[in-house]
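Welcome! Please take a moment with the sequence and the structure before reading on.

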Amino acid sequence: MYEQVSHSLLNDILERLNPEIKQQQIRRFYTRLGANFYSIYSLFYFLYGGRDDFEAQAQRLVETMARQYISRSDTLKQIDLEREKDHNWFLSQQWVGMALYTDGFADNLKGLESRLHYFQELGVNMLHIMPILQCPEGKSDGGYAVSNFRQVDDRIGDIADLQSLVGELQKRNILLTLDVVVNHTSNEHEWAQRARQGDKQCQDYFYTFPNREIPDMFEQNMPEIFPETSPGNFTWDEEMGKWVMTVFNDFQWDLNYSNPAVFIEMLDIILFWSNQGADIIRLDAVAFLWKKIGSTCQNEREAHLILQLLKDCCQVTAPGVLFIAEAIVAPVEITKYFGEDAINAKECEIAYNATYMALLWDAVATKNARLLYRGLKSIPNKLERATWLNYLRCHDDIGLGIDDADIRAVGYEPTEHRKFLIDYYTGVYADSIARGLPFGHNQKTGDARISGSLASLVGLQAAIESGKVEDIDNSVDHILLLHSLIMSFGGIPLLYYGDEIGTLNDCSYLDDEHKAHDSRWAHRPNFDWDRAELRHQSGSVEQRIFNALKKMIAVRKEIPAFADFNNRELIQLDNPHLFVFSRFNLQRPSSGVLVVANFDAHPQYLDLTAVSHALPMHNAPIRDLYSGEMPALFKDQLVIPPYRFYWLSE
Ligand code: GLC
């Protein structure tokens, strides 16, 4: 959009551009800058317009984008152009992701490169490699306490290794997702160290306070993220002689985005990793980006504006790169990270579907889908050109991010119900087959979250302990049932490394003093390649899970109705054990798919006439696209065995 104030500022900026930028032929950069500048200006002005140095900061912003554009490779610029033309490319059902720790999976980046065939064997074509940036030896929060944002951690390799990996990934058409931890740095980051030594400019990169006056005001409304290990939101730094805001661990200093220098630095870092070949950047803890006294300091409007500004700037320099919002917040808040009041996504194109994840775990524990329906109905439709990451497990704990009103609406009392779920998954509940561990228990509020691997949470560990074949079968069925629901829901399914071979909890973390207090390490395994070999042994648990997932992925890729265009209808039935939704293809109405899942331990029946509108040619024989077989019918009713699913079509 053309607007005079911003346009004349843009003219001034271009006039003053550094000669080394001016002499470059960067026509496409200028076109994109012109197209986005009004929006960039408005956001930048809203956030920083009150400052005397506003124009100088705007100049730095544009020069930062231009420099990174100049250093972007021709290959990546070509990919940008292709993606601009095919802008819905990531909504396709072709993409299937996996998240992993480099060292946990393959020691280092070179090892990972040598294992790429494993992903191809399974059909995974989007890798999320968890933080690879330099972080301290002990206090690293699994890589999320970064001490150098521009360097690969030398324990896993260097930039050359990453470059080589990127080349191989591109050849194989596998997307790369990298983390940029935007909310905080390690206390060993250079900025923090300089702040400690009294550098005022660097102190301004963080929230520092000489006494408790302001911190105490903040504390009145801020929840605690790691209440057991890092209570409170501020840490006293002896050397600096000041309090510093540390919302997560006491060694993670929150960055101060009310300082434009911080914004520009972090944008530069995002563009730097985009230029190293990341297709997708996962922005960590985005809900926390703006701090305001009197608020919870989460989901503030300015946090959204910062993301919009990051997106606008990234579109100028690296328009093919997507953002993932890691915002594990209340259901109604999550969709806002696609961009509020927009038609197309204008913040992050992808967001973790933490609500679906939590609701699926509810359905497993209760063996019914009542809350799953209710919770999903409360989520607003996502924007166009936006999609979900659907996942069951990740490197973090399971938080029960379910709306209290929804819990009440299906007849449970929220506090009691949450307690039941925690007890069920952490083995307190007598009949539970789950072997999870509590995480983040807050004695003041009673809140808790859950750690544990997928297989251990659905009973595989207990079944192996008891040696009961039937229990092993049930847990394998659960693993497949849950995966079938993230593969078919709409969005990118994100598998978690090890789940494809039924990896159990790994308690070796208890022997490491830096990990022992953090039960999330129970599900951050060192991948067991010997067990993975068993995927070739017929009848082994590993083979049953791996092969089934491989098949599910292959079938998913063949079903256009599984692409994500808000083309889903939840179908609520009287039977609470069944979860049913239809996926339709707007171009080819007859090629829809009816997804049917049974969360119960007993077979359930589905009257096909009740779902006939979702199977338009319901007189034709129905087929399960996953198995390729006709499912069992009894008196015109479909029979769904315990913990099983169908992807039905005609
Ligand atoms: C994100 C990460 C989590 C980490 C936190 C603080 O939520 O996923 O592992 O502990 O940020 O950095």
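The report below visits the ligand, the aromatic rings, a helix and a few single residues.

## A note before the tour

Please keep in mind that this is a predicted model. Everything below describes that model, one place after another.

## Around the ligand

A good place to begin is the ligand and its surroundings. Of the 13 residues around the ligand, the nearest are D141, H184, D284, H395 and D396. The shell around the ligand is made up of seven charged, three polar and three nonpolar residues.

Several side chains reach the ligand with polar atoms. D141 has a side-chain N or O atom 2.6 Å from an oxygen atom of the ligand. For H395, a polar side-chain atom lies 2.8 Å from a ligand oxygen, and for R520 the corresponding distance to an oxygen atom of the ligand is 3.1 Å. How much of the ligand's accessible area does the protein cover? On its own the ligand has 310 Å² of accessible area, and the protein covers 96% of it.

## Aromatic rings

Next come the aromatic side chains. The structure holds 49 aromatic pairs. One of these is formed by Y373 and F579, which meet edge-to-face, with 5.4 Å from centre to centre and 75° between the planes. This pair links distant parts of the chain: Y373 belongs to helix α17 (residues 370-377) and F579 to strand β19 (residues 578-583), with the two positions 206 residues apart in sequence terms. Are these two residues buried or exposed? Both Y373 and F579 are buried.

There is also an aromatic cluster to look for. It is formed by F105, Y118, F119, Y496, Y497, F527, W529 and F546.

## Helix α17 and its cover

Helix α17 deserves a second look, as Y373 is part of it. Its buried residues are L371, L372, Y373, G375 and L376. Which elements cover them? The cover includes the helices α16 (354-366), α18 (404-409) and α19 (414-425), together with the strands β18 (568-571) and β19.

## From α12 to β8

The loop between α12 (213-219) and β8 contains N233, and E224 is found in that loop as well. N233 is buried, with a relative accessible area of 0%. A polar atom of the N233 side chain lies 3.2 Å from the backbone oxygen of P223. Leaving aside neighbours within four places in sequence, N233 is in contact with E219, M222, P223, V244, M245, T246 and V247.

E224 has a relative accessible area of 17%, and it counts as buried because the cut-off is under 20%. A polar atom of its side chain lies 2.8 Å from the backbone nitrogen of G232, and a polar contact of 3.1 Å joins the side chains of E224 and K444. Not counting residues up to four places away in sequence, E224 touches P231, G232, N442 and K444. E224 also lies 9.2 Å from G440, C-alpha to C-alpha, although the two are 216 residues apart in sequence.

Strand β8 (residues 234-237) is home to T235. The side chain of T235 makes a polar contact of 2.6 Å with the side chain of T246. Leaving out residues up to four places away in sequence, T235 touches K242, W243, V244, T246 and D250.

## Two residues with a positive phi

Most residues other than glycine have a negative phi. D107 is not a glycine, yet it has a positive phi of about 70°. D107 sits in the loop between α6 (102-106) and α7 (109-114). With a relative accessible area of 58%, D107 is exposed.

N173 also has a positive phi, of about 60°, without being a glycine. Its place is the loop between α9 (159-171) and β5 (175-180). N173 is exposed, at a relative accessible area of 52%.

## A last stop in helix α22

The tour ends in helix α22 (residues 469-488), where N474 is found. Is N474 buried, exposed or partly exposed? N474 counts as partly exposed because its relative accessibility is 23%. N474 and P642 are 168 residues apart in sequence, and their C-alpha atoms are 8.2 Å apart in space.

Key:
Residues are numbered from 1 along each chain as its sequence is written. This is a predicted model: local features need pLDDT of at least 70, side-chain atom pairs count only at pLDDT 80 or more; totals for chains, interfaces and linings use all residues. Side-chain values use heavy atoms; hydrogens and water are left out. A residue is near a molecule or strand if one of its heavy atoms lies within 4 Å of it. A polar contact is a pair of N or O atoms within 3.5 Å; within protein, one must be able to donate a hydrogen and the other to accept it, and residues adjacent in sequence count only if both atoms are side-chain atoms. Accessible areas come from the Shrake-Rupley method with a 1.4 Å probe; for residues, only the protein chains shown count as cover. Ala, Val, Leu, Ile, Met, Phe, Trp, Tyr, Cys and Pro count as nonpolar, Asp, Glu, Lys and Arg as charged, and the others, Gly among them, as polar. Helices (H or I, at least four residues) and strands (E, at least two) are DSSP runs, numbered from the N terminus. Contact means heavy atoms within 4.5 Å. Rings of Phe, Tyr and Trp (its six-membered ring) pair if their centres lie within 6.5 Å; planes under 30 degrees apart count as stacked, over 60 as edge-to-face and the rest as tilted. Buried means under 20% relative accessible area, exposed over 50%, partly exposed in between (1.4 Å probe, protein chains only).
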